[in-house]
Amino acid sequence: MNDVLVHETTDDDRTAVLAFLRELWGGEEMVVHDEVLRPAELPGYVAVDRGHLFGLATFRIEADAVELVSLDSLRPSQGVGGALLNRVEREAASRGCASVWLITTNDNLGALRFYQKRGYRIVRVDPGAVDRARARKPAIPLVGDDGIPIRDELVLEKSLPGVGQEETG
Ligand SMILES: CC(C)(COP(=O)(O)OP(=O)(O)OC[C@H]1O[C@@H](n2cnc3c(N)ncnc32)[C@H](O)[C@@H]1OP(=O)(O)O)[C@@H](O)C(=O)NCCC(=O)NCCS
């Protein structure tokens, strides 16, 4: 089960991507670091099985870093999240980016585990960032995983020395 079928998001995937994001995120807009983002309009990678989309990563490229804007897997512990993350890291490295960074929230212990095991470091904490985001997007739940109040944003970052150089495509 390690060979997860992942490909770059194409125009043909857009409808499925929008439906996926609406279902998981309660809408097309995401409010993070005091910004409103529309992940469906960003480049990304999808995990697809017989036409069914079960994983999605979206990202945006800045000067010398890639922001992983979203990462969602509907098939836990089958390598989907890891495969999508690898593709984003390879893309970042192939574009000469020095790092990949992302935001997660204080309640998301699963994501903190997942990313830290893959080389990400917590580089910043923004207390109250989710409270500010909720003022703009009231659909953001008050309580998250394990009954933990969702309040703060954590910035995680990974440096990418040489990632992707062994890959050919
Ligand atoms: C975080 C998230 C993306 C991880 O996705 P996932 O598909 O479960 O990720 P993977 O399967 O690649 O890895 C999860 C674990 O399963 C293990 N695993 C992978 N393939 C496996 C297999 N075939 N058999 C058993 N275990 C396996 C991995 O080793 C990993 O364990 P580890 O973290 O101890 O190394 C997913 O939990 C998710 O969508 N969460 C909700 C959204 C979210 O929080 N996103 C991130 C915040 S921005």
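Which residues have the most contacts inside the largest nonpolar core? They are Ala57, Val66, Leu68, Leu84 and Val88, in a core of 32 residues. Keep in mind that this is a predicted model. Besides that core, there's an open sheet of seven strands and a ligand with 20 residues around it.

**The nonpolar core**
- Two or more residues each come from helix H1 (14-25), strand S2 (30-32), strand S4 (44-49), strand S5 (52-61), S6, H2, S7 and helix H4 (129-136).
- H2 chips in the most, with six residues.
- Val88 is worth a click: leaving aside neighbours within four places in sequence, it's in contact with Tyr45, Ala57, Phe59, Val66, Leu68 and Val100.

**The sheet**
- Reading across, the strand order is S1-S4-S5-S6-S7-S9-S8, and the pairing is mixed.
- Strand S1 (6-8) and strand S8 (121-126) are the edge strands, each pairing on one side only.
- On average, neighbouring strands are turned by 25 degrees against each other, direction ignored.
- S4 and S5 run antiparallel to each other as a pair, with six bridges between them.
- If you're looking at Asp49, its bridge partner in S5 is His52.
- H1 lies across S4, S5 and S6, and it runs at about 90 degrees to S5.

**Around the ligand**
- Of the 20 residues surrounding the ligand, the closest are Ser73, Ser77, Gly79, Gly81 and Gly82.
- Strand S6 (65-73), helix H2 (80-94), strand S7 (99-105) and helix H3 (109-116) are the elements that supply two or more shell residues.
- H3 has the largest share of that shell, at four residues.
- By chemical class, the shell splits into seven nonpolar, 10 polar and three charged residues.
- S6, H2 and S7 turn up here as shell contributors, and they also give two or more residues each to the nonpolar core.

**Arg151 and its surroundings**
- You'll find Arg151 in the loop between H4 and strand S9 (153-159).
- Arg151 counts as partly exposed because it has 18 C-beta neighbours inside 10 Å, and being buried would take 20 or more.
- Not counting residues up to four places away in sequence, Arg151 touches Asn106, Pro127, Gly128, Val130 and Asp131.
- Asp131 is 20 residues from Arg151 in sequence, yet their C-alpha atoms are 5.5 Å apart in space.

Conventions
Residues are numbered from 1 along each chain as its sequence is written. This is a predicted model: local features need pLDDT of at least 70, side-chain atom pairs count only at pLDDT 80 or more; totals for chains, interfaces and linings use all residues. A residue is near a molecule or strand if its C-beta atom, placed from the backbone, lies within 6 Å of it. Ala, Val, Leu, Ile, Met, Phe, Trp, Tyr, Cys and Pro count as nonpolar, Asp, Glu, Lys and Arg as charged, and the others, Gly among them, as polar. A nonpolar core is a set of buried Ala, Val, Leu, Ile, Met, Phe, Trp, Tyr and Cys residues joined through C-beta atoms within 7 Å. A residue is buried if 20 or more other C-beta atoms lie within 10 Å of its own, exposed if 12 or fewer, and partly exposed in between; C-beta atoms are placed from the backbone. Two residues are in contact if their C-beta atoms, placed from the backbone, lie within 7 Å. Two strands pair if DSSP finds at least two bridges between them. Axes are lines fitted to C-alpha atoms, for helices over the stretch in contact, and angles run from 0 to 180 degrees between N-to-C directions.
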